[in-house]
Amino acid sequence: MGKVREILEHPYFKKILNALSDGVLISDGEGRVLWLNTACANFSNKPKSFLIGKSVYLLEEMGVFKPSVTKMVIEKQALVSTVQTSKGKDLRFIVTGYPIKDEEGKIDCIIAQTKDITEIVHTTTELEETQLLLKRYSQEIMRINYEKQADSYYFTSQSPAYLSLLQTIDKIAPAESTVLLSGETGVGKNVIAQQIHGLSDRGNEPFVEINCGAIPESLIESELFGYVKGAFTGANKGGKAGLIKMADGGTLFLDEIGELPIHLQAKLLQFLQQRKFLPVGSTEYQTADVRVLAATNLDLMEEVKKGNFRSDLFYRLNVLPVRIPSLKERKEDIIGLVQYNLEKYNKKHKRNCRLSADVMDIFQHCDWPGNIRELENLIERLVIIAPEHEIQVKDLPAHMREKEVNAFDLSSFNRGDSLNEVLESVEKSIISKAYAQFKTTRKTAEELGVSQSLLMRRLKKYNLTNES
């Protein structure tokens with residue numbers, strides 16, 4: 001320690017250290033400050049006379065050094081680097097403490113070197129903020145460009161249910177997590193999957209789709225995972241890359257995932273967890289950087305209970321669950337969808353058809369069990385077969401015409417009928433049609449929401465056939 005004090009008293013040595021832009025603080029082996037240069041005093045916002053002689057433990061408690069690298073060196077008995085902040089100033093420092101040991105290995109003194117990194121931190125923060133802003137701008141541009149290229153009516157809506165879906169898509173598209181799309185047949189799950197891909201950072205990479213229910217069970221493994229030369233009789237001589245490999249860098253869309261054979265679900269699960277897979281006939285694993293989107297019109301949780309779908313695969317797919325509303329849940333969008341498709345198919349088939357008010361009214365009150373796909377197909381069919389430019393009720397399919405004919409119309413009742421007579425006639429008609437459809441009194445009563453005994457009394461009252 002005597003040598004250290006002797007060096008510190010040398011004026012030329014002090015002059016050299018005070019000329020440095022980095023802070024230098026020297027303390028003894030117990031953490032008592034022996035000397036510091038001008039830069040260190042400026043960084044600490046304290047005069048040298050205040051700091052010299054004080055323990056770094058006390059100075060840390062006072063908030064002068066947060067934390068004290070000298071104290072950390074004493075505790076660890078080794079070189080330490082850390083980041084410090086300055087009390088009263090928005091400053092950041094990187095500080096390194098160097099232990100100087102004597103012949104016996106005991107710390108004789110500690111030299112703490114301080115470098116101001118405030119500007120670097122600010123610059124880095126500004127750069128990160130700029131990058132995030134550019135990423136948001138990029139995603140917005142991708143969304144606009146994608147919607148221009150796609151069927152834009154899918155992504156415009158007046159219904160709260162679909163507006164909520166579009167907001168969800170904007171949030172999940174930039175993520176890399178697996179998405180599970182659910183919804184009735186015909187709601188446009190494949191279109192939503194393409195939009196998620198198009199709005200993601202993988203938008204310019206491959207989008208590969210496979211319908212797990214449309215490929216024979218004997219072929220789906222080789223189609224999905226590929227196969228090597230000589231894997232099976234009839235195989236391509238050079239082998240074949242599977243759809244997973246073809247989607248490398250992009251997105252793999254597994255439609256009707258609930259139809260995937262149970263023995264392949266374990267293999268898919270392994271790929272989702274480890275990003276590696278084994279082609280048919282191969283002993284060497286391959287890898288692929290793929291984001292997986294899956295879709296189903298089944299209740300997968302119910303399929304898990306039945307033993308048709310692996311629970312571990314379900315939970316691995318269900319990271320970001322997205323339910324697509326049916327068309328009957330977005331009645332507000334039907335007019336727009338009809339007009340869009342009418343214009344689309346008029347142009348395609350070189351016609352100039354329009355819908356009568358009665359047809360449009362039927363469309364708005366229809367349940368559309370086939371959803372958007374049913375609506376699209378019906379509009380195209382009507383544009384092709386309608387004998388006149390105005391599409392009439394008579395041009396509609398039989399089930400839609402019957403619904404219109406069976407609609408309640410007060411004019412069909414006799415003049416002078418009392419309200420009770422009208423209500424009884426309506427009740428009789430409803431029960432008659434329900435009983436003809438459901439066949440048994442138990443099922444009919446269940447569907448009408450009445451007791452079986454009440455239904456039996458009504459059947460007897462109205463002289464309706466009773467074959468329960």
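Modeller: Two strands are paired if DSSP finds at least two bridges between them. Helices (H or I, at least four residues) and strands (E, at least two) are DSSP runs numbered from the N terminus. The model is predicted, with local features needing pLDDT of at least 70 and side-chain atom pairs pLDDT 80 or more, while totals for chains, interfaces and linings use all residues. Residues are numbered from 1 along each chain as its sequence is written, and side-chain values use heavy atoms, without hydrogens and water.

Biologist: Thanks! In what order do the 5 strands of the antiparallel open sheet stand?

Modeller: β2 (33-36) and β3 (80-85) are the edge strands, each with a single partner, so one side of each has no neighbour in the sheet. Neighbouring strands are turned against each other by 25 degrees on average, direction ignored; axes here are lines fitted to C-alpha atoms, for helices over the stretch in contact, and angles between N-to-C directions run from 0 to 180 degrees. From one edge to the other, the order is β2-β1-β5-β4-β3.

Biologist: Which residue of β5 stands opposite S27?

Modeller: S27 has a partner in β2 as well, namely V33. Strand β1 (residues 23-28) is joined to β2 by 3 antiparallel bridges, and to β5 (residues 107-116) by 6 bridges, also antiparallel. In β5, the residue facing S27 is I110.

Biologist: Which residue in the turn of the β1 and β2 hairpin has a positive phi?

Modeller: The hairpin of β4 and β5 offers a parallel case: it has 5 residues between its strands, and G105 takes a positive phi near 85 degrees. The hairpin of β1 and β2 has 4 residues between the strands. With a positive phi of about 95 degrees, the residue in that turn is G31.

Biologist: Which helix packs on the sheet and touches β1, β3, β4 and β5?

Modeller: Contact here means heavy atoms within 4.5 Å. The helix spans residues 69-76, and its direction makes about 150 degrees with that of β3. Besides β3, the helix touches β1, β4 (92-101) and β5, and its name is α6.

Biologist: How much space lies in the largest cavity?

Modeller: A cavity is a set of points on a 1 Å grid over the protein atoms alone where a 1.4 Å probe fits but cannot get out, and lining residues have an atom within 4 Å of a point. Points are joined across faces, edges and corners, and volume is the space filled by probe spheres set on them. The search of the whole structure finds 2 cavities of 30 Å³ or more. The largest holds about 70 Å³.

Biologist: Which elements give two or more residues to the lining of the largest cavity?

Modeller: Among the lining residues are L25, V69, T70, V95, A112 and T114. Two bridge pairs reach this lining: L25 has A112 as its partner in β5, and V95 is paired with T114 in β5. The elements giving two or more residues are α6 and β5.

Biologist: Which element supplies the largest share of the lining of the second largest cavity?

Modeller: That cavity has about 60 Å³ of space and 10 lining residues, with F43, S44, F65, Q84 and F93 nearest its centre. By class, the lining has 5 nonpolar, 5 polar and no charged residues; Ala, Val, Leu, Ile, Met, Phe, Trp, Tyr, Cys and Pro count as nonpolar, Asp, Glu, Lys and Arg as charged, and the others as polar. At least two residues come from each of α3 (38-44) and β3. The largest share, 3 residues, belongs to α3.

Biologist: What is the order of the open sheet of 5 strands with parallel pairing?

Modeller: Its edge strands, each pairing on one side only, are β7 (207-211) and β14 (320-323). The twist averages 20 degrees from one strand to the next. Strands β6 (residues 179-182) and β13 (residues 291-296) run parallel and share 4 bridges, with L180 opposite A294. The full order is β7-β10-β13-β6-β14.

Biologist: At roughly what angle do the axes of α8 and α9 cross?

Modeller: α8 also packs on the parallel sheet, where it touches β6, β13 and β14. Its contact with α9 is made by Y162, L165, L166, I169 and I172 of α8 and I192, Q195 and I196 of α9, and these residues divide into 7 nonpolar, 1 polar and no charged. The axes of α8 (residues 160-172) and α9 (residues 189-198) come within 9 Å and cross at roughly 40 degrees.

Key
On a 1 Å grid over the protein atoms alone, a cavity is a set of points where a 1.4 Å probe fits but cannot get out, and a pocket is an open set with protein on both sides within 12 Å along at least five of seven lines; lining residues have an atom within 4 Å of a point.
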